[in-house]
Amino acid sequence: MPAAVPADDVTVVVVTWQGRHLLGPCLDSLRAQTAAHRVLVVDNASTDGTAEFLAAEHPGVRVHVLEQNTGFAGGMARALEAVDTPFVALLNNDATADPGWLAALLEHVHRHPEAAAVTSRMLLADRPGTTNNAGVVLLRSGHGADRGLGAPATAFPAADEVFGFSGGAALLRTAAAREVGGFPAPFFLYYEDTDLSWRLRLRGWTVRYEPAAVVLHQHSATVDQQSTVFAFHNERNRLLVLCRCAPAGLAARAVGRFLLTTGSLLARRLSGRPVPDVPAFRVPLRIRVLASWVRLLPWALRSRRAILRGATADPAGLVREWAGRDA
């Protein structure tokens, strides 16, 4: 039974930055898990007393304090290097897990040896009757999105295969994640889970969803999704995912759309026509996105060659199978 799995089979990783106010409930929920496990907190150079809080209130938790803020992607990349258990679970610092969360994930992955990842049923903490995420879907544009965002909590009652896992609450096979290159540290924030899901699928693995693994998530408690930080990393990283993993034509069309949209927004502003006042539509931010994407493009193309060289699945076939499904 999953509850009898030894603690040295699974490590739960919590990446945090300036999150002392969030960590108490998160770690308390891990302490209440029915499945044995280890806990690793990766502290992205917090200055809010996180280290002192962990030492005083959670002395049994292993802590890695990084010298600078590497974002969620960088924190997970460092964690994956340090984990020495067959499974690694991810839990956001602004989330709390039901006591049976980890046991449900472990039971599911043992039933499905073809699965490299099992994602959770994430509900909104302030509206627990509403779904936050039931996996990641692949849109026809090639971008990833939350499966079921805003749907009733009862909308996805059955275990199922999904395109990708959510980095907010999931279980991974450590060796599989390492084999395909782990978490892309240059992403910093956002889309690192979609990118890793793409690479796992290209190697022939599947990704599953377990409805009994329930987590309450304070959506946007760490980063405001209306902020320029969110818009910058979201826009840039979804281009990087496609450049690394998707069919070349799909990636080229996505870059072309971004350029055309940026030019159109500039023309509208210069002509005095109204433009929605949201960060993703601000031309200076989009130019910053392009500049950062260009700087990272050589890395993305080098990694693309390695990703496709080791692929056992066809990127175009994955798009045909998954694009628009459950969206």
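Let me begin with the second largest pocket, which has a volume of about 160 Å³, and let me say at once that we are looking at a predicted model. The residues that line this pocket are H143, E235, R238, L239, A254, R257, F258, T261, A280, F281 and R286. Two elements give two or more residues to that lining, namely α7, which spans 228–245, and α8, which spans 248–270. Of the elements involved, α8 gives the most, with 4 residues. Sorted by class, the lining of the second largest pocket comprises 5 nonpolar, 2 polar and 4 charged residues.

Since α7 and α8 both appear there, I would like to turn to how they pack. Their axes come within 8 Å of each other and cross at roughly 155°. Because angles over 145 degrees count as roughly antiparallel, that crossing makes α7 roughly antiparallel to α8, and the handedness of the crossing is left-handed. On the α7 side the contact involves E235, L239, L242 and C243, which meet L250, A251, A254, V255 and F258 in α8. In this contact 8 residues are nonpolar, none is polar and 1 is charged. If you have the structure open, it may help to look at E235, L239, A254 and F258, which are listed in the pocket lining and also in the contact between the two helices.

Now to the other partners of α7, starting with α6, the helix of residues 192–202, whose axis comes within 10 Å of that of α7, with a crossing of roughly 15°. That angle makes α6 roughly parallel to α7, and here the crossing is right-handed. From α6 the contact draws on T194, D195, W198, R199 and L202, while α7 supplies V241, R244 and C245. By class, the contact of α6 with α7 contains 4 nonpolar, 1 polar and 3 charged residues.

What, then, is the angle at which α7 and α9 pack? For α9, the helix of residues 283–309, the angle with α7 is about 30°, and the two axes are 8 Å apart. The cut-off for roughly parallel is an angle under 35 degrees, and α7 and α9 are therefore roughly parallel to each other. The crossing in which α7 passes α9 is right-handed, and the contact between them has 17 nonpolar, 3 polar and 6 charged residues.

To draw this together, α7 is roughly antiparallel to α8, whereas it is roughly parallel to α9, and α6 is likewise roughly parallel to α7.

Terms used. Residues numbered from 1 in each chain as written. Predicted model: local features only at pLDDT ≥ 70, side-chain atom pairs only at ≥ 80, totals over all residues. Heavy atoms only, no water. 1 Å grid on protein atoms, 1.4 Å probe; cavity = no way out; pocket = protein on both sides within 12 Å on 5 of 7 lines; lining within 4 Å. Points joined across faces, edges and corners; volume = space filled by probe spheres on them. Nonpolar A, V, L, I, M, F, W, Y, C, P; charged D, E, K, R; others polar. Axes fitted to C-alpha atoms, helices over the stretch in contact; angles between N-to-C directions. Parallel < 35°, antiparallel > 145°, perpendicular 65-115°, else oblique. Left-handed = near helix turned anticlockwise from the far one by under 90°. Contact = heavy atoms within 4.5 Å.
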